[in-house]
Amino acid sequence: MAPLKNLETEYPIIDSNFQNFCASHGIFSVEDFLIHDLYMLAAFAEQNVSSERLKEGITQILSIIDDMHQPWLNGMELLEDAKRNKHFLPTGIQGVDLLLGGGIRVGQLTELVGPSASGKTQVCLQTASNVARNYMMLYLDTGNSFSPQRIAYFLGKTNELASAQAKNQILQKVMSNILCHSVFDIFAMFDVLHQLESNLRCQERGGGCRIRLLIVDSISLLIAPVLGGTSTRGIYARITVSSDRTCFDGICWIFA
């Protein structure tokens with residue numbers, strides 16, 4: 001959730017005085033605010049010379065949190081909402097798309113589980129080749145697993161009846177829409193993701209071309225050294241597709 005200092009522009013009551021008061025109690029973000037004892041915080045505010053303004057700030061934070069919550073819905077309303085708002089990124093693999101009800105669902109996490117060499121990376125490569133037909137995407141490669149040859153193979157299989165010229169145009173478009181970046185430690189990945197977030201926010205404000213899918217293959221290679229593990233081979237893959245509120249629609253984490 002948002003740091004308190006990021007809210008000051010929109011909510012002047014959350015000024016530096018209020019932020020310093022919250023910081024003195026270990027509160028730096030809306031998330032910190034949620035897990036804090038609000039009765040104790042209000043009691044401390046009462047002892048401050050700016051007690052009324054501080055209590056207004058606390059009320060403002062609670063209002064922001066309330067606005068973030070969706071109204072209560074019963075089961076039938078949730079079902080109808082799901083039917084009306086079914087947004088998917090198809091993988092291009094008929095069996096997988098059938099199993100997932102259309103593809104990778106926007107706003108939800110999809111996890112692929114299986115032993116090493118069970119085909120998790122292949123699912124991601126084919127998903128990338130299918131999504132990149134229409135959208136930009138980013139592929140973070142941590143173990144030299146990205147294979148342009150496999151992308152070309154998948155495209156060839158789905159365009160067997162097309163002419164050689166048409167096949168070449170599709171291949172060029174798909175390859176141009178896939179941005180591949182190699183990262184070999186988790187801190188480098190965080191740097192890339194932070195830069196990506198900044199770029200996406202700029203794209204959203206400028207109305208430019210949006211990245212719709214992010215694949216990290218495989219994140220276990222980055223996490224294992226941090227956790228002190230000896231094995232660099234994972235057993236599952238994770239595909240996440242973000243909600244429409246963000247400026248990109250898909251994230252695909254691969255543990256392979």
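In the predicted model, Asp15 touches Glu8 and Arg53 when residues up to four places away in sequence are not counted. Asp15 has its place in the segment before helix 1. With a relative accessible area of 16%, Asp15 falls under the 20% limit and is therefore buried. The residue just before, Ile14, is in contact with Leu4, Leu7, Glu8, Gln19, Gln60, Ile61 and Ile64, its neighbours within four places in sequence being left aside. Glu8 is thus a contact of Asp15 and also of Ile14.

Ile14 also belongs to the largest nonpolar core, which has 17 residues. The residues with the most contacts inside this core are Leu4, Leu7, Ile14, Phe18, Phe33 and Ile61. Four helices each supply at least two residues of the core: helix 1 (16–23), helix 2 (30–34), helix 3 (38–46) and helix 4 (51–68). Helix 4 gives the largest share, five residues. A second core, separate from this one, has 16 residues, including Cys124, Ala128, Tyr139 and Leu155.

For the protein as a whole, eleven helices and eight strands are assigned. The protein has 256 residues, of which 37% count as buried. Among contacts between residues at least 6 apart in sequence, 67% join residues at least 24 apart.

Two helix pairs that share helix 8 were examined for their packing. Two packed helices are described by the angle between their axes and the distance between the axes. Helix 7 (residues 120–131) and helix 8 cross at roughly 65 degrees, and their axes come within 9 Å. This crossing is right-handed. On the side of helix 7 the contact involves Gln122, Leu125, Gln126, Ala128 and Ser129, which meet Arg150, Ile151, Phe154 and Leu155 in helix 8. Sorted by class, the contact of helix 7 with helix 8 has five nonpolar, three polar and one charged residues. Two of the residues named in this contact, Ala128 and Leu155, are also among those of the second core.

Helix 8 (residues 148–158) also packs with helix 9 (residues 164–177), here at an angle of about 135 degrees and with the axes 10 Å apart. Helix 8 and helix 9 are therefore oblique to each other, since an angle counts as roughly antiparallel only over 145 degrees and as roughly perpendicular from 65 to 115. Helix 8 passes helix 9 in a right-handed crossing. Helix 8 contributes Pro148, Ile151, Ala152 and Leu155 to the contact, and helix 9 contributes Ile170, Leu171, Val174 and Met175. By class, the contact of helix 8 with helix 9 has eight nonpolar residues, with no polar and no charged ones. Ile151 and Leu155 of helix 8 take part in the contact with helix 9 and also in that with helix 7.

Asn177 has its place in helix 9. Its relative accessibility is 12%, so Asn177 counts as buried. With residues up to four places away in sequence not counted, Asn177 touches Ala132, Arg133, Asn134, Tyr135, Met136 and Met137.

Positive phi values were found in two residues that are not glycines, Ala117 and Asn144. Ala117 takes a phi of about 65 degrees and lies in the loop between strand 3 (109–113) and helix 7. The relative accessible area of Ala117 is 78%, and Ala117 is therefore exposed, the limit being over 50%. Asn144 has a phi near 55 degrees and is found in the loop between strand 4 (136–141) and helix 8. At a relative accessible area of 61%, Asn144 is likewise exposed.

A further positive phi, of about 80 degrees, is taken by Gly228 just after helix 11. In helix 11 (residues 220–227), the buried residues are Ser220, Leu222 and Ala224. Ser218 is placed in the loop between strand 6 (211–217) and helix 11. With a relative accessibility of 1%, Ser218 counts as buried. Ser218 and Val183 are 35 residues apart in sequence, and their C-alpha atoms are 10.0 Å apart in space.

Technical notes: Residues are numbered from 1 along each chain as its sequence is written. This is a predicted model: local features need pLDDT of at least 70, side-chain atom pairs count only at pLDDT 80 or more; totals for chains, interfaces and linings use all residues. Side-chain values use heavy atoms; hydrogens and water are left out. A nonpolar core is a set of buried Ala, Val, Leu, Ile, Met, Phe, Trp, Tyr and Cys residues joined through side-chain atoms within 4.5 Å. Buried means under 20% relative accessible area, exposed over 50%, partly exposed in between (1.4 Å probe, protein chains only). Contact means heavy atoms within 4.5 Å. Axes are lines fitted to C-alpha atoms, for helices over the stretch in contact, and angles run from 0 to 180 degrees between N-to-C directions. Angles under 35 degrees count as roughly parallel, over 145 as roughly antiparallel, 65 to 115 as roughly perpendicular and the rest as oblique. A crossing is left-handed if the near helix is turned anticlockwise from the far one by less than a right angle, and right-handed if clockwise. Ala, Val, Leu, Ile, Met, Phe, Trp, Tyr, Cys and Pro count as nonpolar, Asp, Glu, Lys and Arg as charged, and the others, Gly among them, as polar.
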